[in-house]
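Let's walk through this structure together, taking one charged side chain as the way in and following its contacts outward. Keep the 3D view open as you read.

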Amino acid sequence: MADPVRPTREEAEAAVRTLLSWAGDDPAREGLIDTPKRVAKAYADWFSGYAIDPDEYLARTFEEVAGYDELIVLRDIRFESHCEHHMAPIIGRAHVGYLPDGKVVGISKLARVVDVYARRLQVQEKMTAQIADCIQRVLQPRGVGVVIEASHGCMTTRGVHKRGVAMVTSKMMGGFREDGRTRAEFLQFIGSPARS
C-alpha cells in the first residue's frame, strides 16, 4: 500500500475552517481567525509519533549491570493519545516491565517508546501490543509486560457519556506469560490498575 500524499499546512488549515463552518460557526470571526493555525500546530505535536522510529530509543543499551537479571519496572508513565475512531483524547498511564538478558536500557527510553506510540491515532489494545513488541524486538529480554489504563474521551464526552471509567489492557510476553510468579510480581509492583 502506497503512502498517502500528505496535505500541505495550508490545506490542513482550510480543512479546519471547513469544520468550523460545518459546526455552525464563522471561521472569520475574531475568536476563530487564528484557530486553523493553532489546530494545525497542535496536530503536529499530538501526532509527532509518526515521524519517530521507537526502535532507535532502545538501541543504546548498557551491559555493565553486575549480572542483574531481575525484574525492571517503570510504572505510571502518563500519556495523552487520540482514538482513531473519533479523534477524541485518550488520557492514561502505562506500566512497563522487562526481564533483562544481559543488557538494560536507560529508563527514560521506555517512557519515550510509550510517547511515540501514544502520539499516533490509536486504539488502546494496539498501543499496548506495539509497546511490548518494540521492547521485545529491540532488547530481546527474557520477558516483557505492559499494562495500560486509560480514560477515553469518545466514551466520556460523547455517546454513553460515562465518566470515571478506565479501560485496562495488558500484553505479557516470554517469562511474564509463561511464569505466573513473574507476572504476579509485575502486577504487584504496579499495584491495582484502579488506584487513583
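**From a charged pair to the sheet**

Aspartate 76 is partly exposed, with a relative accessible area of 27%. Please bear in mind that the model is a predicted one. Which residue forms a salt bridge with aspartate 76? The partner is arginine 93, and the closest N and O atoms of the two are 3.7 Å apart. Arginine 93 belongs to strand 3 and aspartate 76 to strand 2, so this salt bridge ties together parts that lie 17 residues apart in sequence. Arginine 93 itself is buried, its relative accessible area being 9%.

Stay with arginine 93 for a moment, as its side chain also meets that of glutamate 149 in a salt bridge (3.5 Å, N to O). Here distant parts of the chain are linked: arginine 93 sits in strand 3 and glutamate 149 in strand 6, 56 residues apart. Both of these residues are buried. Through salt bridges with shared partners, Arg75, Asp76, Arg93 and Glu149 become one network.

Now look at the strands that carry these residues. Five strands make up an open sheet with mixed pairing, and their order is 5-2-3-6-7. Strand 5 (121-122) and strand 7 (167-174) are at the edges with a single partner strand each, so one side of each has no neighbour in the sheet. Strands of a sheet pair through backbone hydrogen bonds, in either a parallel or an antiparallel way. In which sense do strand 3 and strand 6 pair? Strand 3 (residues 89-99) and strand 6 (residues 143-152) are antiparallel, with 10 bridges between them. To find your place in this pairing, look for alanine 94, which stands opposite isoleucine 148 of strand 6.

The count of salt bridges comes to 10, and another of them can be found in a helix. In helix 1 (residues 9-23), arginine 9 and glutamate 13 lie 4 residues apart, about one turn of the helix. Their side chains meet in a salt bridge at 3.6 Å, N to O. Is each partner buried or partly exposed? Arginine 9 is partly exposed, at 42% relative accessible area, whereas glutamate 13 is buried, at 12%.

Finally, turn to the surface, where Asp69, Glu70, Asp101 and Glu185 gather in a patch of negative charge. One of them, glutamate 70, is placed in the loop between strand 1 (61-62) and strand 2 (72-83). Glutamate 70 is partly exposed, with a relative accessible area of 45%.

Methods
Residues numbered from 1 in each chain as written. Predicted model: local features only at pLDDT ≥ 70, side-chain atom pairs only at ≥ 80, totals over all residues. Heavy atoms only, no water. Patch = residues over 30% accessible without salt bridge, like charges linked within 9 Å, V, L, I, M, F, W, Y side chains within 5 Å. Areas by Shrake-Rupley, 256 points an atom, 1.4 Å probe, with all protein chains shown as cover. Salt bridge = Lys/Arg side-chain N within 4 Å of Asp/Glu carboxyl O. Lys, Arg positive; Asp, Glu negative; His and termini not counted. Charge placed at Lys NZ, Arg CZ, Asp CG, Glu CD. Helix = DSSP H or I, 4+ residues; strand = E, 2+ residues; numbered from the N terminus. Buried < 20%, exposed > 50% of the residue type's maximum accessible area, 1.4 Å probe, protein only. Pairing = 2+ DSSP bridges.
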